[in-house]
Structure formats: structure tokens, C-alpha cells
Amino acid sequence: MATEFKTIPLIDISPLLQKWDEVNESQNESIAGVVKELDEACKNEGFFYVTGHGIPLPFMEEIRRITRKYFDQPYEDKLNIKLSASTGYRGYQAIYENITTGVPDMQEAID
């Protein structure tokens, strides 16, 4: 059950990247701490911000630019990659096409 919150959790996942190849990674305290933070954020707020991922800012800005360019296209052009069984249920979803807990989502998406 979600609770009322004032801020979006900011979680540093760098321990997951630093320890990914350890034999006993599940026993590592820093990894367990990150997993606990992720679990609590998902249960309490439902979403979170991530830092320590190692993705360069210029790359993230380029992805954002490309994403905006795609979603700014006319609807008919976006349908060129429409989500369907033949695409392995990957592709574009228009507003109200995605259903969450029985309620249509008011968002466009690419899955």
C-alpha cells in the first residue's frame, strides 16, 4: 500500500555495478542495502530516481532528445512500430491503450 510522501527516493545503485561479478554478491552488505532501498521505494512510493548508474549525462540528453522527437511525430507515423503480437508485444502504445489494474493509462509509451 502506497503511503503519502514528500520526496521521490534517490537511490545510488553504484554498489550493484561495483560488485556484479562477486561470487557471493547476495551476501554483500552494500548490495543488500541497495536492494532494501529499491524494495522500500517500490512498496512505499512506487517509483524512484537512480544515481551511480554510470551512464554519461550527454548520452542521457541524447536519448531524451530522440524520445521527444519520436513522440512529437504525427500519430500515423508512430503507428509504424505499433505494439502487437507479431512484434512480440513490443512497440508503440497510444494514450489509453495500456491498462493498469483495469484502468486505461493516460500516456503514450514504447514497450
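Helices in this text are DSSP runs of H or I with at least four residues, numbered from the N terminus. The model examined in the exercises below is predicted.

**Exercise 1. Determine which residues of helix α2 are buried, which are exposed, and how the buried ones are arranged about the axis.**

Solution.

Step 1. Helix α2 covers residues 29–44, 16 residues in total. From its first C-alpha to its last it reaches 22 Å, close to the 22 Å expected at 1.5 Å a residue.

Step 2. A residue is classed as buried under 20% relative accessible area and as exposed over 50%. Ile-31, Val-34 and Ala-41 of α2 are buried.

Step 3. Viewed down the axis of α2, the buried residues fall within an arc of 95 degrees, so they line one face of the helix.

Step 4. Glu-29, Lys-36 and Lys-43 are exposed on the other side of α2.

Step 5. The partners of the buried residues are β1 (10–12) and α1 (14–18), against which they pack.

Step 6. Just after α2 comes Gly-46, whose phi is positive, about 95 degrees.

**Exercise 2. Characterise the salt bridge between Lys-36 and Glu-40 by its distance and its position.**

Solution.

Step 1. The criterion is a side-chain nitrogen of Lys or Arg within 4 Å of a carboxyl oxygen of Asp or Glu. By this rule the count comes to five salt bridges.

Step 2. For Lys-36 and Glu-40 the N to O distance is 4.0 Å.

Step 3. Both residues belong to helix α2 and stand four residues apart, about one turn of the helix. An α-helix has 3.6 residues a turn, so residues three or four places apart point the same way.

Step 4. Lys-36 is exposed at 52% relative accessible area, whereas Glu-40 is partly exposed at 37%.

**Exercise 3. Describe the salt bridge that Glu-62 forms with Arg-65, giving its distance and the placement of both residues.**

Solution.

Step 1. The closest N and O atoms of Glu-62 and Arg-65 are 2.8 Å apart.

Step 2. The two residues are three residues apart in helix α3 (residues 57–71), a separation of about one helical turn.

Step 3. Glu-62 is partly exposed at 33% relative accessibility, and Arg-65 is partly exposed at 43%.

**Exercise 4. Establish which parts of the chain are tied together by the salt bridge between Glu-108 and Lys-78, and list the contacts of Lys-78.**

Solution.

Step 1. The side chains of Glu-108 and Lys-78 meet at 2.6 Å, N to O.

Step 2. Glu-108 is in the loop between β5 (103–104) and β6 (109–110), while Lys-78 is in helix α4 (residues 75–78), so the pair ties together parts that are 30 residues apart in sequence.

Step 3. Glu-108 is partly exposed, with 28% relative accessibility. Lys-78, by contrast, is buried, with a relative accessible area of 5%.

Step 4. Leaving aside residues up to four places away in sequence, Lys-78 touches Tyr-70, Phe-71, Gln-73, Tyr-92 and Glu-108.

**Exercise 5. Locate Gln-93, state whether it is buried or exposed, and name the residues it touches.**

Solution.

Step 1. Gln-93 is placed in strand β3 (residues 92–93).

Step 2. With 8% relative accessibility, Gln-93 counts as buried.

Step 3. Residues up to four places away in sequence being left out, Gln-93 touches Leu-83, Asn-98, Gln-107, Glu-108, Ala-109 and Asp-111.

**Exercise 6. Identify the residues that make the nonpolar surface patch, and place Phe-59.**

Solution.

Step 1. Ile-55, Leu-57, Phe-59, Met-60, Ile-63 and Ile-66 make a nonpolar surface patch of about 540 Å².

Step 2. Phe-59 lies in helix α3.

Step 3. Phe-59 is partly exposed, at 48% relative accessibility.

**Exercise 7. Examine the positive phi values of Tyr-96 and Thr-101 and give the location of each residue.**

Solution.

Step 1. Most residues other than glycine have a negative phi.

Step 2. Tyr-96 has a positive phi, near 75 degrees. Tyr-96 is found in the loop between β3 and β4 (99–100) and is partly exposed at 48% relative accessibility.

Step 3. Thr-101 also has a positive phi, near 45 degrees. Thr-101 sits in the loop between β4 and β5 and counts as exposed at 79% relative accessibility.

Methods:
Residues numbered from 1 in each chain as written. Predicted model: local features only at pLDDT ≥ 70, side-chain atom pairs only at ≥ 80, totals over all residues. Heavy atoms only, no water. Expected span 1.5 Å × (residues − 1). Buried < 20%, exposed > 50% of the residue type's maximum accessible area, 1.4 Å probe, protein only. Arc of directions from axis to C-beta. Contact = heavy atoms within 4.5 Å. Patch = residues over 30% accessible without salt bridge, like charges linked within 9 Å, V, L, I, M, F, W, Y side chains within 5 Å. Areas by Shrake-Rupley, 256 points an atom, 1.4 Å probe, with all protein chains shown as cover.
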